[in-house]
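Student: I would like to go through the side-chain packing here and see how each label is justified.
Tutor: Then let us take the labels one at a time.

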Amino acid sequence: MAFLILVFYFYLIFMTKRTLCPNCIRPQNACICSFITPIDNDIHVVVLQHPSEISQTKGTVTLLAKSLLSCQVIIGENFTDNEPFLHVLTKFQGLLLYPSEQAQELSGSVSRLLQQKELQSHSDGNNEGNYKASHESSHKTSHETKQINITLKQQIKPYCLIILDGTWKKSYKMFMLSQTLQQLPHVCLPESLANTGQYYIRKVAKKNALSSLEACCYALGLLEGNDKYQKLLMKFNDFNQFQLSFRPKSHLSADQINYLGKK
């Protein structure tokens, strides 16, 4: 997979004959470094990126990965035996952001329970006693909290949020091919957030669908209980406008023209 990345970079350098920004690896006139917003995220983020997204200039993962201080990107399609990903799971308890039938919505009660367990994973000594106290106090909050089946041994490790980066079709294929992903706890965003996407620079299967960056920011905000990711979401809007500025107006869709008109 590393070979494919090198091939793509060499293509940009030698075929386009344009100077690339050494940080975002994009042509200088399309550099997105001004939109990078450094954020010290509490929960580590792992982006599993489909190979077809590597050369996608309209993708959002580069901006996301450059902004979050604790983020890594692993490229592949089937992650069942993917060594870099399996290594991540030896250090972290993965939470897959994916709307499967078993996914638990990141509502207030679920997020509070996860925050309690995340704090517990960083505490020292007597993990079992702390877990029992936390579990007993959170047991009464909501029936849905009981459905996140994470064992005590798993909870010794801190959480990481796992994002699938690809089209809906490609993401589904990644999920179905990867037994490791299917066995992880799954979480999803509330409908009130899942349909508020501002990803107007790329055709999506569902109107107002979220980009990888938006979905990750909203999920981190709920999991960590803070709004520091709003800064990056605001920069994402600027990123959208910047990307659309390269297109002739005659090539813009009605939604894109309407979006630019609101700015």
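Packing and ring pairs

Tutor: The model is predicted. Beyond its neighbours within four places in sequence, Val45 is in contact with Leu68, Ser70, Cys71, Gln72, Leu161, Ile163, Cys216 and Leu220.

Student: Which residues touch the most other members of the largest nonpolar core?

Tutor: Val45, Leu68 and Leu161 do, in a core of 36 residues. At least two residues of this core come from each of β1 (44-49), α2 (61-67), β3, β5 (159-165), α10 (212-224) and α11 (230-244). The largest share, eight residues, is supplied by α10. Another core lies apart from it and has 17 residues, including Ile74, Phe79, Leu96 and Leu164.

Student: What makes Phe79 count as buried?

Tutor: Its relative accessible area is 0%, and buried means under 20%, so Phe79 qualifies. Phe85 is also at 0% and therefore counts as buried.

Student: How many aromatic pairs are there?

Tutor: The count is five. In one of them, the ring centres of Phe79 and Phe85 are 5.9 Å apart, and the planes are at 75°. The cut-offs are centres within 6.5 Å and, for edge-to-face, planes over 60 degrees apart, so this pair is edge-to-face.

Student: Why is the pair of Tyr98 and Phe175 called stacked?

Tutor: The angle between the planes is 15° and the centres are 4.4 Å apart; stacked requires under 30 degrees, so the label follows. Both Tyr98 and Phe175 are buried.

Student: What parts does that pair tie together?

Tutor: Tyr98 is in the loop between β3 (93-97) and β4 (104-105), while Phe175 is in helix α7 (residues 168-177), so the parts joined are 77 residues apart in sequence.

Methods
Residues numbered from 1 in each chain as written. Predicted model: local features only at pLDDT ≥ 70, side-chain atom pairs only at ≥ 80, totals over all residues. Heavy atoms only, no water. Phe/Tyr/Trp six-rings, centres within 6.5 Å; stacked < 30°, edge-to-face > 60°. Buried < 20%, exposed > 50% of the residue type's maximum accessible area, 1.4 Å probe, protein only. Helix = DSSP H or I, 4+ residues; strand = E, 2+ residues; numbered from the N terminus. Core = buried A, V, L, I, M, F, W, Y, C linked by side-chain atoms within 4.5 Å. Contact = heavy atoms within 4.5 Å.
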